[in-house]
Amino acid sequence: MNTSAPDIASVWTLLETVVDPEIPVLTVADLGIIRDVHLIENGVEVVITPTYSGCPAMNMIEVQIMAALKGAGYQDVRIKTVLSPAWTTDWITEEGMAKLEKFGIAPPRKNQEFPNCPQCGSPHTKLLSQFGSTACKSLWQCQECKEPFDHFKCH
Amino acid sequence: MNQTASPSLFQFVLYMADNCLVLGHRLGEWCGHGPVLEQDIAMTNISLDLIGQARLYYQYAAELEGKGRTEDDLAYLRSEREYTNALLVELPNGDFAHTIARQFLFDAWHLPFLKTLLASPDQGLRDIAGKAVKEATYHLKWSSEWVLRLGDGTEESQLRMQVALDEAWMYRLELLMPAPFEQRLIDAGVLAGPEEIREEWEQTIADTIREATLTTPDDPAVQTGGKTGVHTEHLGHMLADLQYMQRAYPGLEW
């Protein structure tokens, strides 16, 4: 239980334990969808922004944020969703980018027409489909090692 | 401004929501039936984007109306005559070429139209468009590439793409013809007029048709009605499917 006065830094620490249900190596903090945290009477308000309009993971993420904060003793937890400014992959942290690559998903790097293969590192890759296993990814194949892989689209 | 524009703004937001929901539902009907796995996934991804956009518009419409109706009430409990989507989006899937023709003609309008909404004085519209415009960019890329691939493909695929384009053609203009609620918003400066996007829209369509070695349909007929609630026979069947659970078990949650 959180018996001392709540502070914003400890809320952020808790948010770093909440992971994306579709890409469990990324936390919601890595994804850059937490826009703000405010302390309110008896609790906390977390301001989040959706990645894609129809991302089905958003509801689950809200439930998980709620559970993490309630579990830490915050009585009143409010989640506010804002649309603007629209989420962009530029908000994914450098640490998040590295985690994606290690997980086998080519991270969204600007000025890179062909993502490097996350398996063998080769830059010789080809697009199979602009749409992949989730709204945020496209499907590619490495021309060297032949492995198909997901690419987190620049958005 | 919202004080005077409000009823029209509500109608317009609902119209955008209905376009997205109806087209999203149609694409969802392909789930498990796509010609190849990647395209099955593409269509359901686009469906998801559109249904996500529809939710944002319905939520905003519910807020503008301020009568306690929710996004679900607006989607599940309005009749066919209360839906104001353009006719194009309710057309049945047909074969893959028909789905592509419908999608391409919609996307060719949707993307430039969303760009004009980014400059609307209405904050709610700007916020939704800011998200949707990124998604619509992928959609147009996908649908125009398929017009090319089918048009400039085999004899069979070209024939089917041409037939599909010919059949969808008379529905394309409704999107550019302001309904009374849109005209009031254009007059109030909330929306841009159709002349703002007409050139880009015509160019996209003409360039794609030419590159796909297809023929621009010469059918001068223009079919409208959806924006005023007068639909083809197809929408009612679709809504019966979409709304069945809420109609049969009011308030059902899962």
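Here are some worked exercises on the two chains, A and B, of a predicted model.

Residues are numbered from 1 along each chain as its sequence is written, while chains are lettered from A and ligands numbered from 1 in the order in which they are written. Since we're dealing with a prediction, local features need pLDDT of at least 70 and side-chain atom pairs count only at pLDDT 80 or more, whereas totals for chains, interfaces and linings use all residues.

**Exercise 1. Work out how many helices and strands chain B has, and how its radius of gyration compares with the globule rule.**

Step 1: go through the elements. Chain B has 10 helices and 0 strands; here helices (H or I, at least four residues) and strands (E, at least two) are DSSP runs, numbered from the N terminus.

Step 2: check the radius of gyration, taken over C-alpha atoms, against the globule rule of 2.2 Å times the number of residues to the power 0.38. Chain B comes out at 18 Å, close to the 18 Å that the rule gives for 254 residues, so it is as compact as a globular protein of that length.

Step 3: add the box and the burial. Along the principal axes, the C-alpha atoms of chain B fill roughly 55 × 45 × 30 Å, and 47% of the 254 residues count as buried. Buried means 20 or more other C-beta atoms within 10 Å of a residue's own, exposed means 12 or fewer, and partly exposed is in between, with C-beta atoms placed from the backbone.

**Exercise 2. Describe how α5 and α6 of chain B pack, then find what α6(B) brings to the contact with chain A.**

Step 1: recall the general description. Two packed helices are described by the angle between their axes and the distance between the axes.

Step 2: apply it. The axes of α5 (residues 96–117) and α6 of chain B come within 7 Å and cross at roughly 145°. Axes are lines fitted to C-alpha atoms, for helices over the stretch in contact, and angles run from 0 to 180 degrees between N-to-C directions.

Step 3: sort the residues. The contact of α5(B) with α6(B) has 16 nonpolar, 6 polar and 3 charged residues. Ala, Val, Leu, Ile, Met, Phe, Trp, Tyr, Cys and Pro count as nonpolar, Asp, Glu, Lys and Arg as charged, and the others, Gly among them, as polar.

Step 4: turn to chain A. The contact between the chains takes 21 residues from chain B and 14 residues from chain A, where two residues are in contact if their C-beta atoms, placed from the backbone, lie within 7 Å. On the chain B side, α2 (37–65) and α6 (123–151) each supply at least two residues. The largest share, 11 residues, comes from α6(B). By class, the side of chain B that touches chain A has 9 nonpolar, 4 polar and 8 charged residues.

**Exercise 3. Lay out the two open sheets of chain A.**

Step 1: take the sheet of 3 strands. Its order is β1-β2-β3, with mixed pairing; two strands pair if DSSP finds at least two bridges between them. The edge strands are β1 (34–40) and β3 (76–81) of chain A, each pairing on one side only.

Step 2: zoom in on one pair. β1(A) and β2 (residues 43–48) of chain A are antiparallel over 6 bridges, and A:Ile40 stands opposite A:Gly43 in β2(A).

Step 3: add the helices. α1 (residues 8–15) of chain A packs on the sheet, touching β1 and β2 of chain A, with its direction at about 135° to that of β1(A). Helix α3 (residues 57–71) of chain A lies across β2 and β3, running at about 155° to β3(A).

Step 4: move to the sheet of 4 strands, ordered β4-β7-β6-β5 in chain A and again mixed. β4 (105–106) and β5 (125–129) of chain A each have a single partner strand, so one side of each is left without a neighbour in the sheet. β4(A) pairs with β7 (residues 148–152) of chain A in the parallel sense over 2 bridges, with A:His151 as the bridge partner of A:Ala106.

**Exercise 4. Track down the backbone oddities at A:Pro85, A:Lys146 and B:Thr213.**

Step 1: set the background. Most residues other than glycine have a negative phi, and most peptide bonds are trans.

Step 2: look at the peptide bond. A:Ser84 and A:Pro85 are joined by a cis one, with omega about -5°; A:Pro85 lies in the loop between β3 and α4 (94–103) of chain A.

Step 3: look at phi. A:Lys146 has a positive phi near 70° and lies in the loop between β6 (137–142) and β7 of chain A. With 10 other C-beta atoms within 10 Å, A:Lys146 is exposed. B:Thr213 has a positive phi near 55°, in the loop between α9 and α10 (233–248) of chain B. Its count of 13 other C-beta atoms within 10 Å makes B:Thr213 partly exposed.
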